[in-house]
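Visitor: I'd like to poke around this model with you. Can we go through it one question at a time?

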Amino acid sequence: MDSLQLLSSAEKLGTPLYIYDAQIIQNQYKSLKNAFKGKDVKLHFALKALNNINILRLLKAEGAGLDAVSIEEIYLGLRAGFLPSDIMYTPNCVAYSEIVEAINLGVHLNIDNLSILEKFGNDYGSTVPCCLRLNPHIMAGGNSNISVGHIDSKFGISIHQLRHIERIIQHYGIQVTGLHMHTGSDIVDADVFIRGAELLYEAATFFPDLQFMDFGSGFKVGYKEGDIVTDINKIGAKITKSFEQFCQTYGRELELWFEPGKYIVSAAGKLLVQVNVVKQTTSTVFAGVNSGQNHLIRPMFYNAYHQIDNISNPEGEQKLYSVVGYICESDTLGYDRLLNEVRVDDILSISNSGAYGFTMSNNYNARLRPAEALFINGEAQLIRKRETLEDLYRNEVELELLK
Ligand SMILES: *Cc1c(COP(=O)(O)O)cnc(C)c1O
């Protein structure tokens, strides 16, 4: 999508607008798939990153499955046309009844807790297979919010508890058909990833019934020039090789699974916002836009850097701005950004908004969630209507006695 296409999309569909480029999503999917040459890896798209039905269908057409972390996400996947067998369910701290519901729907179950494993064994014995989420205790990246494999993490069963796992699965006859790890987002160092994989290979000796290994995700994408990104081809080549060796030792060819979210959709998405005010204070010039932390929370939540461009003024002289939202909270989308001179009503494009953008949006300040559009075959098509005032109070119950 070039600037002119983005501008005409904003004009046609209004702002704030999330817009996703179908071509980029397809290319990202293919590039990841192709990084594992000679191995037919199975990619389960983590739909918590972006769950619009059209995006799910686009990826389904590419051959993707889904990684769901809640029963609601499973239902979104089924509604989009995925088979239960193409959905991996990786819950954490959910009610046991939700796990039962997922089992009844027939999706793959990933268990990340010994007490759940024991309860599951008691109820299902050998009748329902499961996968185990192991925590290899490796650090991926530096941000503890998005690094979920380390020692203090609430995710997974510690790799040091293998002996306990073994007791439980033997006692109940549980069929463990998969081993899983997800070390969290932003893996910078391919070798950290490989180290995690090797720990899973070692653990595999405890499990004779394996059919697949799932190495989760955490592929880092570039947010700004010069960012270190995960070298997908390096990881692909290394993992393919080590996995082949592992399968030989294990004595059987296993499937290799991944669960990319951000890698597939981050760069495909832009959040288009409009400038409401340009406000000069003693210390800075603010560009205040018709959006904020209610629509894109990553800058405030993770201190994430999202590139911002003024697409309305390509010839404008560059000046320094802090781009802020309209929410009554500090909601700075970008500090000290060089932007082409910003004027009221200009459209700013916020990059890398495809993953964890819309799905993390909310109604704080009683603001409405933005519309979503898909740029496909050279045209921007609406794929989610902008919310209306009615959406804000749809579920409210008015008490007679207070009327
Ligand atoms: C969030 C999540 C993913 C996707 O992570 P990305 O960094 O978006 O690729 C994969 N697997 C599980 C279990 C997750 O919770």
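What follows is a short chat about strands, the core, some backbone oddities and a surface patch.

Visitor: Before we start, what kind of model is this?
Guide: Keep in mind that we're looking at a prediction, and local features are only taken where pLDDT is at least 70. So the kind of model is: predicted.

Visitor: Is strand β1 largely enclosed or left open by the rest of the structure?
Guide: Look at both faces. Leu17, Ile19 and Asp21 sit on one side, Tyr18 and Tyr20 on the other, and all are buried. Since buried means under 20% relative accessible area, and five of the five residues in 17–21 pass, β1 is largely enclosed.

Visitor: Which residue of β17 stands opposite aspartate 21?
Guide: β1 and β17 (residues 371–376) run parallel, joined by five bridges. Within that pairing, the residue of β17 opposite aspartate 21 is phenylalanine 375.

Visitor: And in β11, what is the bridge partner of leucine 17?
Guide: Here the strands go antiparallel: four bridges link β1 with β11 (residues 269–280). Leucine 17 has as its bridge partner in β11 leucine 272.

Visitor: Which helix gives the most to the largest nonpolar core?
Guide: That core has 106 residues, and Leu132, Leu179, Met213 and Phe215 touch the most other members. The top helix contribution is nine residues, from α8 (residues 190–203). The core also takes at least three residues from each of domain 1 (22–265) and domain 2 (269–383). The helix you asked for is α8.

Visitor: Where is there a cis peptide bond?
Guide: Check the loop between α1 (3–13) and β1, where proline 16 lies. Omega is about -10° for the cis bond joining threonine 15 and proline 16.

Visitor: Asparagine 303 and asparagine 352 have positive phi. Which of them is buried?
Guide: Phi is near 55° for asparagine 303, and near 55° for asparagine 352. Asparagine 303, in the loop between α11 (298–301) and β13 (308–310), has a relative accessible area of 65%, so it's exposed. Over in the loop between β16 (347–350) and β17, the value is 7%, so the buried one is asparagine 352.

Visitor: Last one: is leucine 402 buried or exposed?
Guide: Leucine 402 is in the segment after α12 (389–393), and together with Val397, Leu399 and Leu401 makes a nonpolar surface patch of about 500 Å². The cut-off for exposed is over 50%. Because its relative accessibility is 68%, leucine 402 counts as exposed.

Terms used. Residues are numbered from 1 along each chain as its sequence is written. This is a predicted model: local features need pLDDT of at least 70, side-chain atom pairs count only at pLDDT 80 or more; totals for chains, interfaces and linings use all residues. Side-chain values use heavy atoms; hydrogens and water are left out. Patches are made of residues with over 30% relative accessible area and no salt bridge: like charges are joined within 9 Å, nonpolar side chains (Val, Leu, Ile, Met, Phe, Trp, Tyr) within 5 Å. Accessible areas come from the Shrake-Rupley method with a 1.4 Å probe; for residues, only the protein chains shown count as cover. A salt bridge is a side-chain nitrogen of Lys or Arg within 4 Å of a carboxyl oxygen of Asp or Glu. Helices (H or I, at least four residues) and strands (E, at least two) are DSSP runs, numbered from the N terminus. Buried means under 20% relative accessible area, exposed over 50%, partly exposed in between (1.4 Å probe, protein chains only). Two strands pair if DSSP finds at least two bridges between them. A nonpolar core is a set of buried Ala, Val, Leu, Ile, Met, Phe, Trp, Tyr and Cys residues joined through side-chain atoms within 4.5 Å. Domain bounds come from an automatic or database domain assignment.
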